[in-house]
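Colleague: I am new to this structure and should be grateful for a guided introduction. May I put some questions to you?

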Amino acid sequence: MDSSLFGILLEYLNTVFFVFTLILFTMFTFMAYLSTRNSIHYKNKNSFGDMSKVMASPLAPSITIIAPAYNEGLTIVENIRSLLSLQYVNYEVMVVNDGSKDDTLQKMIEAYNLVKIEQEIDPNWKNKPIRGIYKSEQRAFSKLTVIDKENGGKSDALNTGMALSTNKYVGCIDVDCLLLPEALLHVVKSFYQRSQKRVIAVGGVIRVANSCVIQGGRLEEIRLPKNWLARFQLLEYTRSFILGRMAWGRIDSLLIISGAFGFFDREIALEVGGYDTNTVGEDMEIVFKMRRYMEERKLPYTVEYMPDALCWTEVPEDLKILVNQRDRWARGNLETLYKHKDMFFNPKFGKLGMLSYPYWFFYEWLAPLLEFFGFFTIILFYYLGILNTKFFIAITATVYMYSIMFSFYAILWEVYSYNEYKKTKDILLLMLCAIIEPIAFHPIVVWAAVRGNYKKLFKIKSGWGSQVRKGFAKAT
């Protein structure tokens with residue numbers, strides 16, 4: 001190749017990389033601004049008003065909490081006890097036993113005095129067959145319904161719960177998540193605080209419960225995770241929820257609600273066919289479908305986001321399990337983006353097509369691939385002796401310092417707004433995580449994303465994988 005042409009190509013690559021980085025810096029700075037504005041607005045809006053009367057009223061909106069369970073025998077009784085202790089009147093807890101092979105069903109039957117009831121099932125039932133529906137003979141557990149069905153996966157279990165529920169709203173959660181007692185109160189308030197737009201979905205922040213003290217299904221003490229892998233994820237979640245999703249919520253462009261804590265308008269959820277059973281990214285897919293449904297019909301709507309610490313869950317502390325989890329997330333992203341590819345820069349879908357989808361495409365999907373292949377390109381350029389060392393060091397240092405600054409801002413804003421971790425030592429440890437995360441944790445996430453995309457693009461069969469949970473710390 002002609003040396004001048006090669007020089008032009010290198011200059012072009014440097015320019016593209018620089019512009020791409022500059023755009024990301026600009027977007028993240030703007031997201032920090034939007035999230036700050038939204039957080040202040042949210043705190044001011046919710047600083048007054050007593051919802052206790054609504055909570056105690058039998059006329060309060062009805063909600064069904066759907067919790068799929070698969071081989072949860074070790075913790076299912078305690079988890080259900082936590083769900084039954086929520087401070088709300090008009091709600092139902094529906095646990096869907098998705099073909100568990102352990103003693104999950106038997107433990108529920110014994111602990112809550114369940115008996116099988118007769119209930120007519122639609123002969124054209126599309127989900128996996130239902131083996132039985134159970135209710136408790138004790139009045140204290142009247143809110144509990146257990147559905148026993150053949151294994152069909154999480155999406156199929158959630159769809160079963162939606163179909164059998166008769167309430168206006170449904171909450172789809174992981175059975176091993178801990179909801180704070182006032183969680184449903186905040187959810188109902190979010191559904192009813194809009195007058196001109198229909199709230200079709202409500203999501204919230206997910207907090208890391210590793211090393212926290214749980215007693216009797218209640219959060220007794222918040223502790224920083226002892227495991228470093230969990231600490232990195234805590235930092236990641238803080239950035240993602242406190243800054244990222246808060247910013248998207250500010251401009252009404254939120255595209256994903258966590259599968260661990262998501263509430264939906266049941267009517268709209270059923271209109272779009274519920275969860276897609278052919279994807280591993282079902283939580284993102286259903287929000288896409290519901291927003292698409294409303295956009296195509298020109299109906300005023302919104303998706304609400306609550307930054308309150310209402311849901312706590314355990315994150316992986318094992319490297320292999322973490323990689324499998326992020327591998328699955330990457331496959332789910334690609335599946336959903338491909339399925340709705342007609343939204344890409346399509347003004348027909350408003351902000352959804354012109355802003356949210358492009359961001360998700362370029363940053364959530366494309367950026368990890370560019371990082372991965374860019375690393376090998378740098379090695380190749382260095383080997384060929386054509387690497388612009390000064391430019392490389394300057395841009396790398398800039399990216400590194402900006403990532404630390406962004407993480408520091410997320411940590412300090414969390415301290416200012418919610419202050420879950422009150423010990424100075426904990427804050428300093430999180431800041432240390434922010435300093436070493438770009439070189440110790442981020443490459444793992446990038447590798448998992450590349451692996452997930454490779455599996456999907458080359459049709460390598462891979463399922464959900466499994467997470468072996470260690471359980472919450474007990475009070476001593």
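The exchange below takes up the sheet, the core, a pocket and several single residues.

Colleague: Before we begin, what kind of model is this?

Modeller: The values discussed here are all computed from the coordinates. The model itself is predicted.

Colleague: Which strands stand at the edges of the open sheet?

Modeller: The open sheet has 10 strands, with mixed pairing, in the order β3-β4-β5-β2-β1-β6-β11-β8-β12-β7. An edge strand has a single partner, so one side of it is left without a neighbour in the sheet. The strands in that position are β3 (114-117) and β7 (178-179).

Colleague: Which residue of β12 stands opposite leucine 179?

Modeller: β7 pairs with strand β12 (residues 301-313) in the antiparallel sense, over 2 bridges. Within β12, the residue opposite leucine 179 is cysteine 311.

Colleague: What is the phi of glycine 216, in the turn between β9 and β10?

Modeller: Strands β9 (residues 213-215) and β10 (residues 218-221) run antiparallel and are joined by 3 bridges. Valine 213 has glutamate 221 in β10 as its bridge partner. The two strands form a hairpin with 2 residues between them, and glycine 216 in the turn has a positive phi of about 60°.

Colleague: Which helix gives the largest share of the largest nonpolar core?

Modeller: The largest nonpolar core has 132 residues, and Val95, Leu144, Phe261, Phe263 and Phe264 have the most contacts inside it. Beyond its neighbours within four places in sequence, valine 95 is in contact with residues including Ala67, Ile76, Met108, Leu144 and Ile147. The largest share of the core, 12 residues, comes from helix α7 (residues 228-250).

Colleague: Which helix gives the most to the lining of the second largest pocket?

Modeller: The second largest pocket has a volume of about 410 Å³. Its lining comprises 15 residues, with Trp125, Lys126, Asn127, Asn159 and Ala163 nearest the centre; by class, the lining has 5 nonpolar, 7 polar and 3 charged residues. With 4 residues, the element that gives the most is helix α5 (residues 154-164).

Colleague: Is asparagine 38 buried or exposed?

Modeller: Asparagine 38 lies in helix α1 (residues 3-45). Setting aside neighbours within four places in sequence, its contacts are Met246, Gly249 and Arg250. Because its relative accessibility is 11%, under the 20% limit, asparagine 38 counts as buried.

Colleague: What is the relative accessible area of serine 356?

Modeller: Serine 356 is part of helix α11 (residues 351-384). Not counting residues up to four places away in sequence, serine 356 touches Trp248, Ser253, Leu255 and Lys351. Serine 356 is buried, and its relative accessible area is 1%.

Colleague: How is asparagine 71 classed, and at what relative accessible area?

Modeller: Asparagine 71 is found in the loop between β1 (63-69) and α3 (76-83). Although it is not a glycine, asparagine 71 has a positive phi of about 55°. Asparagine 71 is partly exposed, with a relative accessible area of 32%.

Colleague: What is the phi of phenylalanine 345?

Modeller: Phenylalanine 345 is located in the loop between α10 (319-339) and α11. At 42% relative accessibility, phenylalanine 345 counts as partly exposed. Most residues other than glycine have a negative phi. Phenylalanine 345, which is not a glycine, has a positive phi of about 50°.

How values were computed
Residues are numbered from 1 along each chain as its sequence is written. This is a predicted model: local features need pLDDT of at least 70, side-chain atom pairs count only at pLDDT 80 or more; totals for chains, interfaces and linings use all residues. Side-chain values use heavy atoms; hydrogens and water are left out. On a 1 Å grid over the protein atoms alone, a cavity is a set of points where a 1.4 Å probe fits but cannot get out, and a pocket is an open set with protein on both sides within 12 Å along at least five of seven lines; lining residues have an atom within 4 Å of a point. Grid points are joined across faces, edges and corners, and a volume is the space filled by probe spheres set on the points. Ala, Val, Leu, Ile, Met, Phe, Trp, Tyr, Cys and Pro count as nonpolar, Asp, Glu, Lys and Arg as charged, and the others, Gly among them, as polar. A nonpolar core is a set of buried Ala, Val, Leu, Ile, Met, Phe, Trp, Tyr and Cys residues joined through side-chain atoms within 4.5 Å. Buried means under 20% relative accessible area, exposed over 50%, partly exposed in between (1.4 Å probe, protein chains only). Contact means heavy atoms within 4.5 Å. Two strands pair if DSSP finds at least two bridges between them.
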